[in-house]
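Here's a quick briefing to read alongside the model on your screen. Keep the viewer open and click through the residues as they come up.

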Amino acid sequence: MSLKDVMAADLTAVFFNPNEFAAEHNINGVNMVALVDSDIIKERSNRISGNFDGIYKSEISLFVRAADMAKRPVRGQALRLDGKLYVVSDCTEAEGMFEILMDVNDS
């Protein structure tokens with residue numbers, strides 16, 4: 001078994017396993033197993049988010065299996081996660097998984 005085979009098996013068995021790391025989320029009306037992370041953005045980002053009169057920009061990173069999505073999200077696309085509307089700022093794909101970076105204005 002190659003390393004790629006092991007990594008592909010781990011996507012479901014470990015990374016996207018609701019008993020391990022992931023949880024079920026509703027993404028654009030479809031329930032699927034995913035990971036939501038807001039801490040990774042803070043570690044990666046060196047830009048300053050603007051805060052204006054009680055409104056601030058919230059950023060999250062959403063990890064989903066590429067096979068679970070109907071199509072790859074694109075920059076500027078609206079995406080509803082668990083009932084909350086976000087805007088996709090970036091989407092990368094690696095080893096059968098999408099990492100979707102999203103923004104929302106919060107208060």
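What follows is a short tour by topic, from the core out to the surface.

Keep in mind that this is a predicted model. Start with the largest nonpolar core, which has 17 residues, and with strand S7 (residues 97-106), which gives the most to that core. After that come the strand pairings, a cluster of Phe rings, the salt bridges and a nonpolar patch at the surface.

**The core**

- Within the 17-residue core, the members that touch the most others are Ile27, Leu62, Val64, Leu81, Ile100 and Met102.
- Several strands chip in: S2 (30-37), S4, S5 (78-81), S6 and S7 each supply at least two residues of this core.
- Which strand gives the most to the core? That's S7, with 4 residues.
- S7 is also well covered: 9 of its 10 residues are buried, so the strand is largely enclosed by the rest of the structure.
- As a bit of background, nonpolar side chains tend to be buried together in soluble globular proteins.

**Hairpins and strand pairing**

- S7 runs antiparallel to strand S6 (residues 84-94), and the two pair over 7 bridges.
- If you want a landmark on that pairing, look for Thr92, which stands opposite Glu99 in S7.
- The S6 and S7 hairpin has 2 residues between its strands, and Glu95 takes a positive phi near 50° there.
- Strand S1 (residues 23-27) pairs with S2, also in the antiparallel sense, over 5 bridges.
- Here the landmark is Ala23, whose bridge partner in S2 is Ala34.
- In the hairpin of S1 and S2 there are 2 residues between the strands, and Asn28 has a positive phi near 50°.
- Glu24 sits in strand S1 and counts as exposed because its relative accessibility is 57%, where the cut-off for exposed is over 50%.
- Glu24 and Ala34 are 10 residues apart in sequence, with their C-alpha atoms 6.2 Å apart in space.

**The Phe cluster**

- The model has 3 aromatic pairs. One of them joins Phe15 and Phe21 in a tilted arrangement, with 6.2 Å centre to centre and 50° between the planes.
- Another pair, Phe15 with Phe63, is edge-to-face, at 6.2 Å centre to centre and 80° between the planes.
- That Phe15 and Phe63 contact links distant parts of the chain: Phe15 belongs to helix H1 (residues 3-15) and Phe63 to strand S4 (residues 55-65), 48 residues apart.
- Taken as a group, Phe15, Phe16, Phe21 and Phe63 are linked into a cluster by ring pairs.
- How buried or exposed are these rings' residues? Phe63 is buried at 11% relative accessible area, Phe15 is partly exposed at 28%, and Phe21 is exposed at 53%.

**Salt bridges**

- How many salt bridges turn up in the whole structure? A search finds 2.
- One brings together the side chains of Asp68 and Arg65, at 2.9 Å from N to O.
- Arg65 is buried, with a relative accessible area of 18%, while Asp68 is partly exposed at 28%.
- The side chains of Arg72 and Glu93 also meet in a salt bridge, at 3.9 Å from N to O.
- This pair links distant parts of the chain, with Arg72 in the loop between S4 and S5 and Glu93 in strand S6, 21 residues apart.
- Arg72 is partly exposed at 39% relative accessibility, and Glu93 is partly exposed too, with a relative accessible area of 44%.
- The Arg72 and Glu93 distance still qualifies as a salt bridge because the limit is within 4 Å.

**The surface patch**

- Met1, Leu3, Val6 and Met7 make a nonpolar surface patch of about 450 Å².
- Met1 lies in the segment before H1.
- Met1 is exposed, and its relative accessible area is 83%.

Terms used:
Residues numbered from 1 in each chain as written. Predicted model: local features only at pLDDT ≥ 70, side-chain atom pairs only at ≥ 80, totals over all residues. Heavy atoms only, no water. Phe/Tyr/Trp six-rings, centres within 6.5 Å; stacked < 30°, edge-to-face > 60°. Buried < 20%, exposed > 50% of the residue type's maximum accessible area, 1.4 Å probe, protein only. Patch = residues over 30% accessible without salt bridge, like charges linked within 9 Å, V, L, I, M, F, W, Y side chains within 5 Å. Areas by Shrake-Rupley, 256 points an atom, 1.4 Å probe, with all protein chains shown as cover. Pairing = 2+ DSSP bridges. Core = buried A, V, L, I, M, F, W, Y, C linked by side-chain atoms within 4.5 Å.
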